[in-house]
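Here is a friendly walk through one protein model, with an eye to how its helices and rings pack. Have the viewer ready and follow along.

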Amino acid sequence: LVLFGGPTCSGKSTGARAVCQALPHGACGVLALDCYYRDLSHLQQSDRAKANFDHPDAIDWPLLKDHIIRWRAGGSVRAPIYDFADHVRGAETVETPAAPIVIVEGILALHDPGLNAMAGLRVFLDLPDETCLERRIKRDLAERGRSEESVRRQFEASVLPMAESFMRPTKRHADVVLDGTDSLATLARRVIERIPAPYPQ
């Protein structure tokens with residue numbers, strides 16, 4: 001189990017994919033922590049948007065850990081698909097086949113003591129706040145149906161305060177701290193060389 005934590009838009013998702021692509025086919029799989037946000041379909045649309053998605057309580061930790069345990073035992077899991085525009089968990093899921101190396105990536109990937117205890121490698125991908133904001137604006141406008149104003153408002157109101165309270169402190173759990181501005185090839189190499197042996201060559 002490899003954990004990829006760090007600030008929003010620091011490159012965790014693309015970095016995790018780069019690691020998998022650099023390994024033999026089928027040797028690695030990725031679970032995104034963002035897929036495990038709790039379903040808010042019981043709330044009105046206006047109330048869902050007010051939810052604090054940067055607090056640890058926003059994550060369905062029991063479901064995530066159940067999936068990791070099943071995956072590590074050699075079984076496939078059906079990961080949820082989260083609708084970030086409506087803040088609900090979709091009816092469809094995506095099957096994720098078992099793999100020798102499991103990467104869990106997300107801002108709070110290094111937060112849960114149980115996950116840290118299971119992990120063979122803990123990576124913190126760091127990036128300055130101003131660069132995180134620039135990347136987040138581009139991502140949320142293109143992929144999540146947001147406006148720049150709403151992204152900036154959320155960043156100031158919850159992303160930064162929650163980062164200081166919950167995400168930044170997880171850096172101390174990391175086995176290695178990497179720079180989110182490094183090339184994907186460099187990032188993948190530095191992670192793979194630290195994955196405990198034996199692993200698929």
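## Alanine 16 and the buried side of α1

Let's start at a spot with no exposure: alanine 16 has 0% relative accessibility and therefore counts as buried. Keep in mind that this is a predicted model. Alanine 16 belongs to helix α1. Setting aside neighbours within four places in sequence, its contacts are Phe4, Val30, Ile103 and Glu105. Glutamate 105 lies 89 residues away along the chain, yet the C-alpha atoms of alanine 16 and glutamate 105 are separated by 7.1 Å.

Which residues of α1 are buried? They are Lys12, Gly15, Ala16, Ala18, Val19 and Cys20. Together, these buried residues pack against the strands β1, β2, β5 (101-105) and β6 (121-126), and against helix α7 as well. A general point helps when reading such a list: an α-helix has 3.6 residues a turn, so residues three or four places apart point the same way.

## Serine 13 and cysteine 9

Not every residue of this helix is hidden. Serine 13 is also located in α1, but its relative accessibility is 32%, so serine 13 counts as partly exposed. From serine 13 to histidine 173, which is 160 residues away along the chain, the C-alpha separation is 19 Å.

Just as worth a look is cysteine 9, in the loop between β1 (2-5) and α1. Most residues other than glycine have a negative phi. Cysteine 9 is not a glycine, but its phi is positive, at about 60 degrees. Is cysteine 9 buried or exposed? With 13% relative accessibility, cysteine 9 counts as buried.

## Where α1 meets α7

Helix α1 (residues 12-22) and helix α7 (residues 184-192) have axes that come within 9 Å and cross at roughly 70 degrees. That angle makes α1 roughly perpendicular to α7. The crossing of these two helices is right-handed. On the α1 side the contact is made by Thr14, Gly15, Ala18, Val19 and Ala22, and on the α7 side by Leu184, Leu187, Ala188, Val191 and Ile192. By type, the residues of this contact divide into eight nonpolar, two polar and no charged.

Alanine 22 offers a closer view of this contact. Alanine 22 sits in helix α1, and apart from neighbours within four places in sequence, alanine 22 touches Ala188 and Ile192. Alanine 22 and isoleucine 192 are 170 residues apart in sequence, while their C-alpha atoms are 8.5 Å apart in space.

## Where α5 meets α6

A second helix pair brings a different set of residues into play. Helix α5 (residues 129-143) and helix α6 (residues 148-167) pack with their axes 10 Å apart, at an angle of about 135 degrees. The two are therefore oblique to each other. How does α5 pass α6, in a right-handed or a left-handed crossing? The crossing is right-handed.

From α5, the contact draws on Asp129, Cys132, Leu133, Arg136, Ile137, Asp140 and Leu141. From α6, it draws on Glu148, Val151, Arg152, Gln154, Phe155, Val159 and Leu160. The residues of this contact divide into eight nonpolar, one polar and five charged.

## The aromatic rings

How many aromatic pairs are there? The count comes to two. One of them joins tyrosine 37 and phenylalanine 53, whose ring centres are 5.3 Å apart with 75 degrees between the planes, an edge-to-face arrangement. Tyrosine 37 lies in the loop between β2 (28-32) and α2 (45-48), and phenylalanine 53 lies in the loop between α2 and α3 (61-72), so the pair ties together parts that are 16 residues apart in sequence.

Tyrosine 37 has 7% relative accessibility and so counts as buried. Phenylalanine 53, at 9% relative accessibility, counts as buried too. Tyr82 also belongs to the picture, since Tyr37, Phe53 and Tyr82 form one aromatic cluster.

## An exposed spot on α4

To finish, turn to alanine 117, found in helix α4 (residues 113-118). Is alanine 117 buried or exposed? Its relative accessibility is 66%, so alanine 117 counts as exposed. The C-alpha atoms of alanine 117 and leucine 1 are separated by 9.9 Å, with their positions 116 residues apart along the chain.

Notes. Residues numbered from 1 in each chain as written. Predicted model: local features only at pLDDT ≥ 70, side-chain atom pairs only at ≥ 80, totals over all residues. Heavy atoms only, no water. Phe/Tyr/Trp six-rings, centres within 6.5 Å; stacked < 30°, edge-to-face > 60°. Helix = DSSP H or I, 4+ residues; strand = E, 2+ residues; numbered from the N terminus. Buried < 20%, exposed > 50% of the residue type's maximum accessible area, 1.4 Å probe, protein only. Axes fitted to C-alpha atoms, helices over the stretch in contact; angles between N-to-C directions. Parallel < 35°, antiparallel > 145°, perpendicular 65-115°, else oblique. Left-handed = near helix turned anticlockwise from the far one by under 90°. Contact = heavy atoms within 4.5 Å. Nonpolar A, V, L, I, M, F, W, Y, C, P; charged D, E, K, R; others polar.
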